[in-house]
Structures are given as C-alpha cells and as structure tokens.
Amino acid sequence: MVNKFYITTAIDYVNSDPHLGHAYEKVCADIIARWNRLNEKEVFFLTGTDENAQKNAKAAKIAKVPIKEFVDKNALKFRNLCVKLKISNDYFIRTTEPKHVKVAQLIFQKLYDKKEIYKGNYEGLYCTSCENFYLEKDLDNGKCPIHKIKVEYLKEESYFFKLSKYEKDILKLLNNKEFIIPENKMIELINRIKKDGLKDLSVSRRNLDWGIDVPFDKNHKIYVWIDALSNYISAIDYPNGDNFKKFWPANVHLIGKDITWFHCVIWPAILMATNIKVPEKVLVHGFINLKGEKLSKTSGNVVNPIKLIDKYGLDTLRYFLLREIHFGQDGDFSEEALKERLNNELANDLGNLVSRVLTICEKNLGSKIKKSDVDKELSNKLELKTIQKLMDNYELTESLNTIWKFVKECNKHINDEKPWEMKGETLNKHVYTLLEAIRIISILLSSFIPETCEKINKFLGVNQGYLKDCKFGLVKEYKISKGEILFKKIK
Ligand code: ME8
C-alpha cells in the first residue's frame, strides 16, 4: 500500500526522568508523521518505553523501589512528556505489556525452532548502561567508550543468535543508499563489519530476576535488545493483526546515533532469520549537548523539557530544536539561543507578520476580505517544491529554513509595498494575497509548531488544510478575528 506511512522512535529506558534528547527525538518523529498526514497518507506513529532492561532494574534498586512500581512510575513520565509535547503518536508501547511480551517470546521461539539460536557459553565484557557487549580493544582506558564507566565481566551459559551467518546479506542491505540516512553512518557500519566481521550474538542472560523469560528455558531472560527491537512489530500486532498487515515494513525507524548498530545490523538480521521484511529506512539524528557534553541520564547532565515548555511555550521549544540543531548533526542547547530564536524569529518574523496583516484587515477592510487577483510578486517567492523535496529527503532543518525565508519575504513585501497607504481594489488584492500567504505558511508550519498554526487558522477562520491546499487563490472570502498575540518576547 503506497499511501501508508509507519514511523517509529526508539523506545526509551525508564531508568530516570526523560530529558531534552528524548523530547527532541519525539518532536522530530512527530514532524515527519504530521507532514505525511498533510500529504494525505495513512500514518501510524509509534513511540514508547523500554522497560525490561537491567539498567532499569539497577536504578530501581538504587531508588529502593520495587522494580515494577519503578518502571510504571517512570513510564508514565515519558507518556506525559508525549502529551506535553503534543506528539501525535498512534500508540505508546510499553515492553512490559502482555501483547509485547508474547511477541518477543514468539520471535525468540521462532529463531530457536529455525535453528538460528543455539546454546553456548559467553565470556566477555558488558556495559549495563548501553546494554551492550564489548571487546577489550573497543574500551576507552578499560571503560565503556560511551558512558565512561567500568564494564562488567560476564561468564555464563547463554543462547547465541547466528548473526555471523548474515554478514553478506547485511552488507548488501547497508550498501543500498536508501537504507540509512545520513550516509556517513552507513559507511561507519560497513567499515566496522569489514574490519571485525559479524560474530554470533549472545541473546540471553542467566540468573536475572527482571526481563522476559526465554520461552523454552526459564533459567534465561531474553537479551533486552532482542526484546526491545521487537516492539516495532508487537505494537502493530504481529503476526496476524490488521495493523501489521497494513503498516509493516516500517517506512522509518528514527533513532539517535548511538544505536545504529542495533537497528541497522542486529534488527535486520533477526528479521531476515524469521522471514519478516526489513524496514525501509533508518533515519539517524544527532545528539543534543550541553556545553559540548552529551545529555545523559547516566551522567546526570540533563535538561528538563517540561520546565522549558512551561517557561517558554511548547512551540518555542519545538521550533528552537529544529532550527537551532541542524537535523542529522549534533547541536548545543542553550537557553540564551532559545530566547533569541523566540524574540527574533517567532515574535519578530512570524508573530509580527500575522499581527500586521490582521490589523490592516480590521482597520482598513472591516475584517471581511473577498477573493481577488493574487499578487504574483509575492506568491512567486514561495518555494513550495523545494520545501517538499527537502521534507521528502528528511532535511527537516533546511525545509524549515526555506519556509522561514518566505515568512521573511512576506514581511519585506509589506515594508516595501506599504498596504496601509493603499485603497480599494489594490488594497484588497495585497491583503488577500498576504492572507493566502499566511494560510499557506500555517499549513507548512503545522508539522513543526502545531499549536501556533491552530491559532492562526482560528484568526483566519479557516480549517487546517492539506499540502494540496498550498495554492494561492483558494479561499473565496476571509472573515478575520484577531486574537491574542502569538509570541510574547522575553527579555
Ligand atoms: O537507547 N540527544 O534508550 P535511551 C539526542 N532503549 N538524542 C538522545 C540523547 C541526546 N542527548 N540521548 C539519548 C535506548 N538520545 C534504547 C532504545 S529501541 C528498540 C531501544 C536518544 O533511553 C537515543 O539516541 O538511552 C535513542 O534514540 C533515544 O534517545 C532513547 O535513548
């Protein structure tokens, strides 16, 4: 089905409160989901929480809270964050919910039945913060290269997945330029496989009291990454549910750059081994840093997104994240930069544009503006095709920049043309064109700053349009009602 679109985010560990990095990933996925809805696709947007990890159990122990109570409480914080961010997800998966547990076990059983899993012994190093195995040579002074903490030495009986068998297939998949964006991530993975080869993967842990049981051996728990990755199909009711039939394979798995190996190598291999189609694309975003250091729950270097929303407003945060941090690259968070974007762009550019045009409507045209010829000089400045193409290529920041260029063009046009000095048909033509421009801007920005665009639509007395409505001359008559100011500047 061409007209469906399935997008997922990573599911978050619930060892601590959500931070700005989690909010960022959800907002980016939300923008893509909303954009596809504007394009009249049937969208399924999934996010959720990764609850069976050892790192969650460890955190619960430190907090002296029973583990189930701990994950329930923290999962709610992630769910509430989605509400606060106005994330338009269609489902919120928790990996402790029965429907997921069943599918994780089914996948494991299938792998075992197909002899893709065998019993052996694991001896090596493990970082609970990454929930990942390490070779001595990959450590940084004996510590986990990502979390900079000591790794554990493990020696235990374990089930292994025959990952090595899929080396050729995975290399072929990765070499397909469509599979991973950005391309440098693809090259990194290919080089790693070429250098180290693919080794069989330990996929169970013994003697744990938190996690999903290996269905045929209760002494073992399923390795949390195998469990977690299968959320992408359990949430849409694999194997026989309608949503699975309609939406799989996923069009996009959106993830951060630290978990590409799991999504681009391990997950496709598991799918290949169970005869399930592989996802179309893995889209990798960068990290939000604070003074150059990665935000991380483990290190305690965090920024609370809820506080930022309460202080500056939701759309200010959403806009800032996309405009300030070039999508695909790392970026630094600073409250100063956020304030500047709010004052100089949201308030000065967009807020002012809307307010100026609506004031002219009220003062000079009695709030009713009939359709007239369109002022081509302004309408020609809208680079709609470029905006669409950029969005289709997941260049979210560039696309937003191009929309913003048009917002600025509209302001410049007002300054140059001075419609408040016009009268009669000339005035009507200019104002009508500007209202159409604002209506179209509101459609294009609605994926990025949905609350603001709802307000704009109310002022204009129009319903939220689709991308196909981004044409000048559609509205027959405007009846304007000017409301509160869109963005208040902060000193
Ligand atoms: O990795 N900036 O969970 P997680 C931007 N449970 N993104 C960030 C970030 C930052 N500072 N810090 C984290 C996990 N992220 C697993 C995923 S998926 C089957 C299982 C991103 O809570 C990170 O890259 O550590 C990941 O995509 C997501 O937040 C969840 O991270």
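Two strands count as paired if DSSP, the program that assigns them, finds at least two bridges between them, and the strands (E, at least two residues) and helices (H or I, at least four residues) are themselves DSSP runs, numbered from the N terminus. The model is predicted, so local features need pLDDT of at least 70 and side-chain atom pairs count only at pLDDT 80 or more, while totals for chains, interfaces and linings use all residues. Residues are numbered from 1 along each chain as its sequence is written, and side-chain values use heavy atoms, with hydrogens and water left out.

**Exercise 1.** Work out which residue of β12 is the bridge partner of Asp-213, and in which order the strands of this open sheet lie.

Solution. Begin with β11 (residues 213–214), which pairs with β12 in the antiparallel sense over two bridges. Within this pairing, the bridge partner of Asp-213 is Lys-221 in β12, and Val-214 stands opposite Asp-217. The two strands form a hairpin, with two residues between them. Next, turn to β10 (residues 204–206), which pairs with β12 (residues 217–222) in the antiparallel sense over three bridges, and here Arg-206 has His-220 as its bridge partner. Putting the steps together gives an open sheet of three strands in the order β10-β12-β11, in which β10 and β11 are the edge strands, each pairing on one side only.

**Exercise 2.** Find the edge strands of the open sheet of four strands, and name the bridge partner of Phe-160.

Solution. The order of this sheet is β6-β5-β7-β9, with antiparallel pairing. Its edge strands are β6 (132–134) and β9 (201–202), each of which pairs on one side only. Now look at β7 (residues 152–161), which is joined to β9 by two bridges in the antiparallel sense; the bridge partner of Phe-160 is Ser-202 in β9.

**Exercise 3.** Decide which residues of helix α4 are buried and how they are arranged around the helix axis.

Solution. Helix α4 (residues 98–113) has 16 residues and reaches 22 Å from its first C-alpha to its last, close to the 22 Å expected at 1.5 Å a residue, where the expected span is 1.5 Å times one less than the number of residues. Its buried residues are His-100, Val-103, Ala-104, Ile-107, Phe-108 and Leu-111, where buried means under 20% relative accessible area, exposed over 50%, and partly exposed in between (1.4 Å probe, protein chains only). Seen down the axis of α4, they fall within an arc of 135 degrees, so they line one face of the helix; the arc is that of the directions from the helix axis to the C-beta atoms. On the other side, Pro-98 and Lys-102 are exposed.

**Exercise 4.** Apply this reasoning to helix α15 (residues 384–392), and say which of its residues are buried.

Solution. The buried residues of α15 are Leu-384, Ile-387, Leu-390 and Met-391. They cover an arc of only 135 degrees around the axis, which puts them on the same side of α15. On the other side of α15, Lys-385 and Lys-389 are exposed.
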